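Colleague: I am new to this structure and should be grateful for a close look at a single part of it. Please choose one helix and describe what surrounds it.

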Amino acid sequence: MDIKVSVREPNGKSGATVVDLNGEIDVYTSPKVKETISELIDQEHYRLVINLENVRYIDSTGLGVLIGGLKRVREHSGTVNLVCSNPQIKKIFDITGLVKIFGIFDNEKAACESL
Amino acid sequence: MREPVTSPDASRTLDGQLQLRIPSRAEWVSVARLAVAGIAHRIEATIDEVEDLKLAVAEACTNCIQHAQGNQEVLITFEIAGRRLTMVVEDGGKGFDGRALAPEPLGEPKVGGLGVFLIRSLMDEVDYDFDPLTGTKLTMTKVLGQ
């Protein structure tokens, strides 16, 4: 069980930085995600799109990393949007009420455009 | 209400108990998830139920690893009784008081405390037995097919 993390900056007006995650995000793998997001914010990337389309599992430590990232970018008037269409992952955001603080979109284009 | 699941030899039910002992380290939590997924499939849980059980057991193990002190391993007992699957997660260390971790619905986003909230949301019955000397024992039950 591992997580693959990659970063790209798609061409477009949004100025978004997209973080693609592939795998499972839990107590073992979430530090790697946290490190990537923290580095991006340190480099003044404050408009982030986290792509969860290839994430099969996320737990509270993964949610904590996303919340931590959101709090940091908001200090710079930035935001974090999520791409997620997996109903089992979305359910976790629903239960925890995080649907109210993250923008959650079914596709990357919509997530970037709404930043 | 569905009948208790039986093995291919219909004279026997699948009621019984299984135990898993994992080192108290983050890299082993995924094994607890795999174990409960296997058990849940065996008793014909739905995909949603399997995912709920995986998350609940992982959150319980994560709490043991992150909050308990002095424990070397986490003991997980799975008990099947008809359509009830009970998981008991024990840290065997100095424990942590799970009742103090986000017992109420979340008001504003917080980095920590989501795990216990998720367990309470996903499982039908949750009980914490906290003893500073013997550790924390979390008992949680899901009734399948509800």
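Modeller: What follows is an account of one helix, its surroundings, and the parts of both chains to which it leads. The model is a predicted one, and every statement below should be read in that light.

The helix is α2 of chain A, residues 60-74. How does the span of α2(A) compare with what its 15 residues should give? At 1.5 Å a residue, α2(A) should span 21 Å, and its end C-alpha atoms are indeed 21 Å apart, so the two values agree.

Which residues of this helix are buried? They are Ser60(A), Thr61(A), Gly62(A), Leu63(A), Gly64(A), Val65(A), Leu66(A), Ile67(A), Gly69(A) and Leu70(A). The cover over these buried residues is drawn from both chains: it includes β2 (17-25), α1, β3 (47-58) and β4 (79-83) of chain A, together with α2 and α3 (114-122) of chain B.

One of the elements of that cover is helix α1 of chain A, residues 30-42. Two packed helices are described by the angle between their axes and the distance between the axes. Here the axes of α1(A) and α2(A) come within 9 Å and cross at roughly 10°. An angle under 35 degrees counts as roughly parallel, and α1(A) and α2(A) are therefore roughly parallel to each other. From α1(A), the residues that take part are Ser30(A), Val33(A), Lys34(A), Ile37(A) and Ile41(A). They meet Thr61(A), Gly62(A), Val65(A), Gly68(A), Gly69(A), Arg72(A) and Val73(A) in α2(A). By type, this helix-to-helix contact comprises five nonpolar, five polar and two charged residues.

Two loops of chain A adjoin these helices. Most residues other than glycine have a negative phi, and most peptide bonds are trans. Glu44(A), in the loop between α1 and β3 of chain A, has a positive phi of about 70° although it is not a glycine. With 9 C-beta neighbours inside 10 Å, Glu44(A) counts as exposed. In the loop between α2 and β4 of chain A lies Ser77(A), whose phi is also positive, near 60°, in a residue other than glycine. Ser77(A) has 8 C-beta neighbours inside 10 Å and therefore counts as exposed.

The cover from chain B leads to the contact between the chains. That contact takes 18 residues from chain A and 19 residues from chain B. On the side of chain A that touches chain B, α2 (60-74) and α3 (87-95) each supply at least two residues. The largest share of that side, six residues, comes from α2(A). The residues on the side of chain A that touches chain B divide into eight nonpolar, seven polar and three charged.

The partner chain may now be described. Chain B has three helices and five strands, arranged along the sequence in the pattern β-α-α-β-β-α-β-β. Of its 146 residues, 38% are buried. Among the contacts in chain B with a separation of 6 or more, 64% join residues 24 or more positions apart.

Both elements of chain B that help to cover α2(A) can be followed further. In helix α3 of chain B is Val116(B), which counts as buried because it has 23 C-beta neighbours inside 10 Å. The C-alpha atom of Val116(B) is 9.7 Å from that of Val126(B), ten residues away along the chain. Helix α2 of chain B, residues 47-67, belongs to the account of the largest nonpolar core. In soluble globular proteins, nonpolar side chains tend to be buried together. The largest nonpolar core has 66 residues, of which Ile50(A), Ala56(B), Val57(B), Cys61(B), Met87(B) and Val89(B) touch the most other members. The largest share of this core, nine residues, comes from helix α2 of chain B.

Met87(B) shows how this core is joined. Leaving aside neighbours within four places in sequence, Met87(B) is in contact with Val36(B), Ala56(B), Val57(B), Ile76(B), Phe78(B) and Met140(B). Of these, Phe78(B) is found in strand β2 of chain B, residues 73-81, and counts as buried because it has 22 C-beta neighbours inside 10 Å. Apart from residues up to four places away in sequence, Phe78(B) touches Gln17(B), Leu18(B), Val36(B), Ile39(B), Leu85(B) and Met87(B).

Notes. Residues are numbered from 1 along each chain as its sequence is written. Chains are lettered from A and ligands numbered from 1 in the order in which they are written. This is a predicted model: local features need pLDDT of at least 70, side-chain atom pairs count only at pLDDT 80 or more; totals for chains, interfaces and linings use all residues. Two residues are in contact if their C-beta atoms, placed from the backbone, lie within 7 Å. Helices (H or I, at least four residues) and strands (E, at least two) are DSSP runs, numbered from the N terminus. Ala, Val, Leu, Ile, Met, Phe, Trp, Tyr, Cys and Pro count as nonpolar, Asp, Glu, Lys and Arg as charged, and the others, Gly among them, as polar. A residue is buried if 20 or more other C-beta atoms lie within 10 Å of its own, exposed if 12 or fewer, and partly exposed in between; C-beta atoms are placed from the backbone. A nonpolar core is a set of buried Ala, Val, Leu, Ile, Met, Phe, Trp, Tyr and Cys residues joined through C-beta atoms within 7 Å. Axes are lines fitted to C-alpha atoms, for helices over the stretch in contact, and angles run from 0 to 180 degrees between N-to-C directions. Angles under 35 degrees count as roughly parallel, over 145 as roughly antiparallel, 65 to 115 as roughly perpendicular and the rest as oblique. The expected span of a helix is 1.5 Å times one less than its number of residues.
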